[in-house]
Amino acid sequence: MTESEVKSLLVETGAILEGHFLLTSGLHSPMYVEKFQVLQHPRHTAALCAALAERFVNDAVQVVIGPVTGGILLAHEVGKSLNTRAIFAERENGVMTLRRGFTIEPGERVLVVEDIVTTGGSVQEVIDVVKCAGGIVVGVGILVDRSGGKADFGVRSEALLHLDIQTYSPETCPLCASNTPITKRGSRKI
Ligand SMILES: O=P(O)(O)OC[C@H]1O[C@H](OP(=O)(O)OP(=O)(O)O)[C@H](O)[C@@H]1O
Ligand SMILES: O=C(O)c1cc(=O)[nH]c(=O)[nH]1
Ligand SMILES: [Mg+2]
């Protein structure tokens, strides 16, 4: 899939939103990629994840892991393509962790997947979980990297679509200054 095909799919499914959004990092943004607008279509999810898996087909991946919520679907579908285990990480009392009896064995080759990267903080938390368990992070697979190239995980990362979307700290946000109501999507409680 080309970047323009991925972008068209997001536009067609209504995933690109404009407004005033509180992001999981605490930053504000005038745009939000609501990944579940596209992920609600299993055939699109399967096609996107197959394209992502293709980038890591020669990396001898043994486990695919992503952060809740979208990471559950992504890990499952990428793991299906690569014929590996698929697990997910979630925050417990604010700390990213493995629950549900999931384990990563020392030396296991792990691919981290993520739907959207803004600051890269969530992916980094998952990388830390993998490393803490002794796993080897072979790469990061991303549907949409909206960081404008700023996110760097110290391993090969591959995104199906690269965007450079403005973010603001709450103190400098022009939408706050103009009293535009803010909305919070996503699952993180901050
Ligand atoms: O790169 P970052 O600054 O960490 O931001 C990106 C993360 O934020 C969103 O998840 P969110 O925590 O909103 O929950 P969700 O996956 O349940 O929507 C998104 O799905 C990424 O996981
Ligand atoms: O940074 C986020 O929380 C975020 C941004 C975005 O565009 N889409 C999303 O699901 N989360
Ligand atoms: Mg998420």
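**Exercise 1.** By class, how many nonpolar, polar and charged residues does the shell around ligand 1 have?

*Solution.* The structure is a predicted model, in which local features need pLDDT of at least 70, side-chain atom pairs count only at pLDDT 80 or more, and totals for chains, interfaces and linings use all residues. Residues are numbered from 1 along each chain as its sequence is written, while chains are lettered from A and ligands numbered from 1 in the order in which they are written.

Step 1. A residue is near a molecule if its C-beta atom, placed from the backbone, lies within 6 Å of it. On this basis 18 residues surround ligand 1, and the closest are Thr-69, Thr-119, Ser-122, Gly-186 and Ser-187.

Step 2. Ala, Val, Leu, Ile, Met, Phe, Trp, Tyr, Cys and Pro count as nonpolar, Asp, Glu, Lys and Arg as charged, and the others, Gly among them, as polar. The shell of ligand 1 has four nonpolar, 11 polar and three charged residues.

Step 3. Strand 6 gives the most to this shell, with four residues. (Helices, H or I of at least four residues, and strands, E of at least two, are DSSP runs numbered from the N terminus.)

**Exercise 2.** Determine how the buried residues of helix 5 are arranged.

*Solution.* Step 1. A residue is buried if 20 or more other C-beta atoms, placed from the backbone, lie within 10 Å of its own. In helix 5 the buried residues are Ser-122, Val-123, Val-126, Ile-127, Val-129 and Val-130.

Step 2. They cover an arc of only 160 degrees around the axis, which puts them on the same side of helix 5. The arc is that of the directions from the helix axis to the C-beta atoms.

Step 3. These buried residues pack against strand 3 (63-67), strand 4 (85-92), strand 5 (95-97), strand 6 and strand 7; contact requires C-beta atoms, placed from the backbone, within 7 Å.

Step 4. After helix 5 comes Gly-134, with a positive phi near 95 degrees.

**Exercise 3.** Identify the edges of the open sheet with the order 2-1-9.

*Solution.* Step 1. Two strands pair if DSSP finds at least two bridges between them. Strand 1 (residues 16-22) and strand 2 run antiparallel and are joined by five bridges; Glu-18 has Met-31 of strand 2 as its bridge partner.

Step 2. The sheet is formed by three strands with mixed pairing. Strand 2 (28-33) and strand 9 (183-184) each have a single partner strand, so they stand at the edges, with one side of each left without a neighbour in the sheet.

How values were computed. Buried ≥ 20, exposed ≤ 12 C-beta atoms within 10 Å, placed from the backbone. Contact = placed C-beta atoms within 7 Å.
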